[in-house]
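Welcome! Take a moment to look over the model, then read on for a short guided tour.

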Amino acid sequence: MTRAFLVVMDSVGIGGAPDADRYFNGDRPDTGANTVAHIAQACAEGRADDGRSGPLHLPNLDALGLSAAIELASGVTAPGLTATPVGLWGAATEVSKGKDTPSGHWELAGLPVPWDWAYFPVSVPSFPEELTKRVCELAGTEGILANCHGSGTVMLDEFGAEHIRTGWPICYTSADSVFQIAAHEEHFGLQRLLDLCAAIAPTLHDMKVGRVIARPFVGEPGNFTRTTNRRDYAIRPPEPILTNWAQDAGRKVFAVGKIGDIFSMEGIDEVRKGDDATLMGHLHDLVRDAPEGSLTFANFVEFDSLYGHRRNVAGYAAALERFDQGIGRVLDSLKDDDLLILTADHGNDPSWSGTDHTRERVPVLIAGKGAGTIGHVGFADVAASVADHLGLDARGAGKSFL
């Protein structure tokens, strides 16, 4: 019996989505966005030397086929990434409408989103009065702060002090189908914030808003910091997904990072969380210890949350290089019959305008199945291929590329 490890490098897009012109950051369409290639270009030109230096150095990802996947997806050559692939590689295109976390992950797990997500308008206030009133009732406050589109760190800078003074939660959204609530862990209370998000989530889910996200933070005015106690309250998938297929077959399913939250714990036996450095340790431990026949599904979010949305090219480059080093240890520890697939859920080009995700194709890099190309595939084909490797009954929309 074999094992499978499916690892999502959150937002590590490679350009080329054929419908990118339908998705925007402000007034600018995502046409031409290319997360990895633009980072590589910036590194090669010396524009990403804050905390790191030189060309983008990703020997392990490149050896698996990253540079080849970028060229396949977008026709672009990424400076510094020139390896001849020794892994199986390709590029995946999403069919679900949207460029957010649930859409990408659901489809990677075999379920294209079967409806259109609901989004909030860019106008201020963004939220309907009845929703605001319900949040106030649940929070026990006379009002909310922000009530607009915005970046999380900007929201803290603009409203954090007033939040401490009034006790009102900071509620904001983005181009994604999401309702986010930020609150101070000490002044408002972490458990109170989590309880508020859990209580309001069914209302948002009925509206087809994909996620309610608790965004706890600490610190004082001028020095606020978001903590790792974030929690996502996502709509439960309406049909069985890859994790269900595995669990229903009696296989052990491990979730690393926010996978459990994204899938509302559907088909999950055990969750391991932490920052990305900690998650890499968890992944390495599972490669060493996970039982035969098991599925490990991991998400590494800091590319997206710390660097993509904040348009920090150097920080994103450094995070990629740290990940590459860590995944090298994982690759060295794989057993002969193991399957490891590295992919992503969308793009978040840190060189792009705006602060939102970018609509891109994503790499599919495969260790444990020899070398070669799988060409262009669909997101759902990833789930079908994992199921094929594990000998599961795949009930999703994809076809195995193995």
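## A well-connected histidine

In this predicted model, H357 touches N25, D30, K99, D100, T101, D176, D304, H309, H346, G347 and N348, leaving aside residues up to four places away in sequence. You can find H357 in the loop between β14 (339-343) and β15 (362-367). H357 is buried, because its relative accessible area is 1% and the cut-off for buried is under 20%.

## The annotated binding site

Where does UniProt place the feature "binding site"? The record, an unreviewed entry, puts it at D304, H309 and H357. These residues are spread over 54 residues of sequence, yet they cluster in space, with a largest C-alpha distance of 8.3 Å. From this set, D304, H309 and H357 are taken in by the lining of the second largest pocket.

Now turn to D304, which lies in helix α11 (residues 302-308). D304 is buried too, with a relative accessible area of 5%. Not counting residues up to four places away in sequence, D304 touches D10, S11, H309, H346, N348 and H357.

## A helix tucked inside

One of the contacts of H357 is T101, and T101 is among the buried residues of α4. How many residues of helix α4 (residues 101-108) are buried? The count is 8 of the 8, so the helix is largely enclosed by the rest of the structure. The buried residues are T101, P102, S103, G104, H105, W106, E107 and L108.

After α4 comes G110, which has a positive phi, near 100°.

Note on methods
Residues are numbered from 1 along each chain as its sequence is written. This is a predicted model: local features need pLDDT of at least 70, side-chain atom pairs count only at pLDDT 80 or more; totals for chains, interfaces and linings use all residues. Side-chain values use heavy atoms; hydrogens and water are left out. UniProt positions are given in the numbering used here, feature names are shortened, and annotations may be inferred rather than shown by experiment. On a 1 Å grid over the protein atoms alone, a cavity is a set of points where a 1.4 Å probe fits but cannot get out, and a pocket is an open set with protein on both sides within 12 Å along at least five of seven lines; lining residues have an atom within 4 Å of a point. Helices (H or I, at least four residues) and strands (E, at least two) are DSSP runs, numbered from the N terminus. Buried means under 20% relative accessible area, exposed over 50%, partly exposed in between (1.4 Å probe, protein chains only). Contact means heavy atoms within 4.5 Å.
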